[in-house]
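Here are my notes on this one, jotted down as numbered points. Have the viewer open while you go through them.

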Amino acid sequence: MSPSALQIARHALLTPAGLDDQHLQQVLQQILGHRIDYADLYFQSSRQESWVLEDGIVKDGQHNIEQGVGVRAVSGEKTGFAYSDEIILPALTSAAGAAREIAQHGQQHQVQAWHTTQHPALYNSDDPLTVLSADEKVALLQRIDAQARQIDPRVKQVIVSLAGVHEVILIVASDGTLCADVRPLVRMNVSIIAEQNGRREQGSAGGGGRVSYLYFTEQDRAASYAKEAVRQALVNLEAIAAPAGTMPVVLGPGWPGVLLHEAVGHGLEGDFNRKGSSIFAGRIGQQVASTQCTVIDDGAMLQRRGSLNVDDEGTPTQRNVLIENGILKGYLQDKLNARLMKMPATGNGRRESYAHLTMPRMTNTYMQAGNYDPQEIIASVERGIYAVNFGGGQVDITSGKFVFSASEAYLIENGKVTAPVKGATLIGNGPEAMNRISMVGNDLQLDTGVGVCGKEGQSVPVGVGQPTLRIDSITVGGTST
Amino acid sequence: MQPIKSKPQLNSAQSHDAAALRDIVAHILGAATQRGASAAEAGVSIENGFSVNVRLGEVETVEHNRDKGLGVTVYFGQRKGSASTTDFSHKAIAETVQAACDIARYTEADSYAGLAEPQFLAKEIPALDLLHPWSLDTGAAIELATACEDAARATDARITNSEGAYVSTHIGTRVYGNSNGFLGDYASSHHSLGCTVIAQHEEQMQRDYWYSVSRVPAQLQDKISVGQMAAQRAVQRLQARHIKTQQAPVIFQAEVARGLLGHLVRAISGGSLYRKASFLLDSLGQSLFPANFSIDERPHIPQALGSSPFDSEGVATQAHYLVQDGVLRNYVLDCYAARRLGMQTTGNAGGVHNLFINDSGCDLPALLQQMQRGVLVTEVMGQGVNTVTGDYSRGATGFWIENGEIQYPIEEFTLAGNLRQMFSQLVAVGNDVDTRGNLFTGSWLVENMMIAGE
């Protein structure tokens with residue numbers, strides 16, 4: 001039997017510093033003694049590497065080791081935070097002293113007795129980086145480069161990257177939380193530039209998850225990224241100017257789920273709703289999307305990029321229904337916002353690292369499948385856009401305005417997908433756009449595992465997904481009339 | 001600035017830090033040589049500070065930051081490996097250097113790889129006056145942020161909510177050295193004050209912000225006016241309308257225009273050029289802008305946010321033109337890209353240092369008069385900028401201008417065009433220069449763009 005996450009974490013994070021449970025209890029008690037409601041310690045150690053191939057050769061590799069401990073003290077709505085990149089008792093004590101200085105009121109609390117919960121592991125705790133030797137990693141990148149170039153002579157530039165992280169975290173909190181997680185995360189990306197008659201266009205594809213590097217060699221996945229990136233670049237070589245104006249848009253399955261991430265997901269994060277700064281604040285129970293929309297955030301999916309066994313506060317992740325048949329059901333919560341809003345924590349408390357504060361964040365966000373055949377959805381549009389790939393998006397959660405930019409899109413003319421178009425940015429208002437979703441396909445797909453979400457300067461890995469869907473009217477920012 | 005309680009806690013032993021970091025760099029380079037590396041370079045940095053956020057008059061967060069990091073790149077001939085860590089212990093340094101060497105055993109020879117050539121390395125380190133610690137404790141920072149937010153909330157009855165005001169102050173030291181004999185360091189400070197508030201009209205909410213940033217505490221914008229500007233900007237967005245799809249002239253307000261300069265820099269950067277991933281390939285000597293515009297880099301302005309005595313390869317930074325009388329004169333290159341392109345480094349490893357475009361001598365109201373009818377853009381959203389093709393399509397927010405004056409706020413529209421065309425259609429640049437970064441520009445009036453709306 002392999003060691004538990006807690007055993008691994010104690011060994012990696014506490015033993016080298018000679019720290020034991022009693023020390024951690026003492027530090028937490030020392031913080032609580034200053035009229036603090038809640039305190040936690042977040043120990044983290046991570047090892048990451050990346051390999052990049054360019055111009056047909058693996059030019060550079062990077063290796064990074066990071067470790068540290070973050071100390072948080074909460075009093076009412078106030079949070080004090082300090083961290084140290086040295087995991088030793090004096091550093092911990094000094095960070096605790098800095099964190100607790102916010103307390104002015106609050107009740108006297110006692111640190112609760114540790115309790116740990118068992119949860120089924122969503123991913124393997126083995127080091128994902130060591131399943132391939134350095135030679136094998138280099139050979140994999142070279143093979144993908146050769147395959148991409150073989151597909152078409154118009155391929156002029158190929159960049160292939162391979163990156164992996166192995167991370168161990170340990171969380172102890174004054175509410176008795178004692179838990180650990182060992183998190184693998186790998187990603188591969190292929191980026192192509194193709195050239196034809198002096199015109200250059202790009203395409204990119206990739207994938208990954210909380211798995212090992214073997215994921216890329218299984219089922220020929222790495223080769224499929226190369227094919228997909230080349231296909232996109234070649235499509236874009238033929239792309240004409242996108243139309244400008246308001247029109248129906250059909251979004252393809254999978255990665256276009258970034259729509260949900262921007263139009264809905266951020267606006268449902270607990271902090272914005274507690275503060276009343278989100279357009280969705282105070283709207284639980286109201287219709288915020290068409291009745292065909294059921295949107296879920298699920299951090300407990302097997303091996304997905306956005307999945308976590310426990311969030312960064314030790315709360316087990318779960319499947320959270322955000323919108324059911326168009327009705328707003330709930331928010332994404334961390335402990336602080338859940339407590340202040342008198343709602344349950346949902347397993348969405350996440351942080352970029354020990355040096356960052358926890359916030360409510362998304363995990364894997366997707367829309368459930370509907371009843372329509374995807375072909376039927378496209379056929380329903382007389383003149384519009386079919387967008388299948390996106391570069392990314394952005395939202396203003398207060399006004400609800402969101403933007404996302406298509407990297408592969410086509411015209412729909414008389415119910416048929418015709419010419420590829422370039423540079424189409426879509427802009428809309430979250431609840432308005434969601435209410436204009438008139439057809440939801442039966443082809444739910446999750447993305448391939450490349451999402452990175454940014455909020456207040458912190459990046460975390462996430463997943464998105466959706467079936468093909470039709471938005472009756474949204475503004476398309478092309479150049480052609 | 002209002003008086004601030006003096007409680008120095010940040011400026012302790014800055015020179016001591018530099019000396020200690022120089023020792024670490026020397027130690028890393030020695031360890032690399034010992035392991036057989038033919039060349040090596042290392043960068044080490046340390047940063048300390050704190051930030052406070054106050055919301056609705058109450059402290060929300062107090063965050064103490066203490067960041068450090070070291071990175072090493074080793075070369076075995078033309079093969080290269082890199083590694084980094086936050087742990088400065090001798091054991092961790094040994095492991096990190098070893099990790100870099102291990103990687104270099106597997107990477108392939110790249111004939112362009114290598115350190116900066118000795119003749120380009122900075123010989124003298126000009127004193128740029130970048131370090132101005134702020135003797136401010138968290139209590140005083142909280143008072144300052146509170147006053148800023150209070151001013152915002154008192155500006156207009158329609159300010160109904162707040163995301164708070166913040167004060168942040170940090171100082172840091174950076175040391176870079178390589179086995180070609182370069183070892184340089186400099187210390188700098190970075191302080192900021194900002195506020196974000198929400199305005200409401202009936203059911204509609206609009207959020208906006210304002211901030212000030214400087215290396216010198218006394219040069220930060222006054223707390224009251226930061227708060228008031230945040231409030232005015234949020235209120236001005238209320239009751240925004242949609243506009244029709246049309247072609248029209250566009251004024252990019254200074255802070256948005258800064259982004260356009262950024263797109264130019266990216267397109268003429270070595271990495272984009274040697275990968276042929278730029279719409280400005282082979283465009284040296286070509287007219288990119290009308291002849292009355294020049295863009296130049298000034299890396300040695302005392303106290304400026306983008307100033308730096310040497311770049312991230314130890315190469316001396318130098319003042320020069322990128323665009324002169326509309327013509328592209330220089331790319332933005334580090335040593336690697338320069339070798340790839342058969343050119344010389346421009347001292348831009350790590351980016352540009354204080355870029356300026358000359359203004360046309362008029363303020364923003366005069367620019368509006370000059371445009372007469374069109375769009376004033378105050379915010380752009382999304383990632384719709386394609387450096388390979390120059391295609392530009394972004395979501396935007398702003399004001400509709402008629403008769404040279406603001407008529408009403410507008411939202412939910414997009415701006416589309418091609419950057420090369422936008423550059424060539426630059427009509428005027430305002431003297432309302434935004435100084436909060438390393439790209440200095442006033443507002444841009446662009447002759448014509450496609451606007452998608454209703």
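**Notes on chain B and two residues**

1. Starting with surface: chain B exposes about 16800 Å², and carbon and sulfur atoms supply 47% of that area. Keep in mind throughout that this is a predicted model.

2. On to the fold. Chain B has nine helices and 17 strands by secondary structure. Its radius of gyration is 24 Å against the 22 Å that the globule rule gives for 454 residues, so chain B is as compact as a globular protein of that length. If you want box dimensions, the C-alpha atoms fill roughly 70 × 55 × 35 Å along the principal axes.

3. Burial and contacts in the same chain: 61% of the 454 residues of chain B count as buried. Take the contacts in chain B between residues at least 6 apart in sequence, and 72% of them join residues at least 24 apart.

4. Charges next. Chain B carries 34 positive and 47 negative side chains. The centres of those two sets sit 5 Å apart.

5. Now for a loop residue, Thr389(B). You'll find Thr389(B) between β12 (374–381) and β13 (391–402) of chain B. Is Thr389(B) buried or exposed? Its relative accessible area is 15%, and the cut-off for buried is under 20%, so Thr389(B) counts as buried.

6. What does the side chain of Thr389(B) make a polar contact with? The partner is the side chain of Asp391(B), at 3.0 Å. Leaving out neighbours within four places in sequence, Thr389(B) is in contact with Phe279(B) and Asn418(B) in chain B, and with Arg200(A) and Glu201(A) in chain A. That list is worth a look if you're checking where the two chains meet at this loop residue.

7. Over in chain A, pick out Asp40(A), which lies in strand β1 (residues 38–54). Its relative accessibility is 2%, so with buried meaning under 20%, Asp40(A) counts as buried.

8. The side chain of Asp40(A) has polar contacts to look at. One goes to the side chain of Arg72(A) at 2.8 Å, and another goes to the side chain of Tyr38(A) at 3.1 Å. Arg72(A) also turns up among the residues that Asp40(A) touches once those up to four places away in sequence are set aside. The others in that list are Leu28(A), Gly70(A), Val71(A), Val172(A) and Ala173(A).

Conventions. Residues numbered from 1 in each chain as written. Chains lettered and ligands numbered in written order. Predicted model: local features only at pLDDT ≥ 70, side-chain atom pairs only at ≥ 80, totals over all residues. Heavy atoms only, no water. Helix = DSSP H or I, 4+ residues; strand = E, 2+ residues; numbered from the N terminus. Rg over C-alpha atoms; globule rule 2.2 N^0.38 Å. Buried < 20%, exposed > 50% of the residue type's maximum accessible area, 1.4 Å probe, protein only. Contact = heavy atoms within 4.5 Å. Areas by Shrake-Rupley, 256 points an atom, 1.4 Å probe, with all protein chains shown as cover. Lys, Arg positive; Asp, Glu negative; His and termini not counted. Charge placed at Lys NZ, Arg CZ, Asp CG, Glu CD. Polar contact = N/O pair within 3.5 Å; in protein donor to acceptor, adjacent residues only side chain to side chain.
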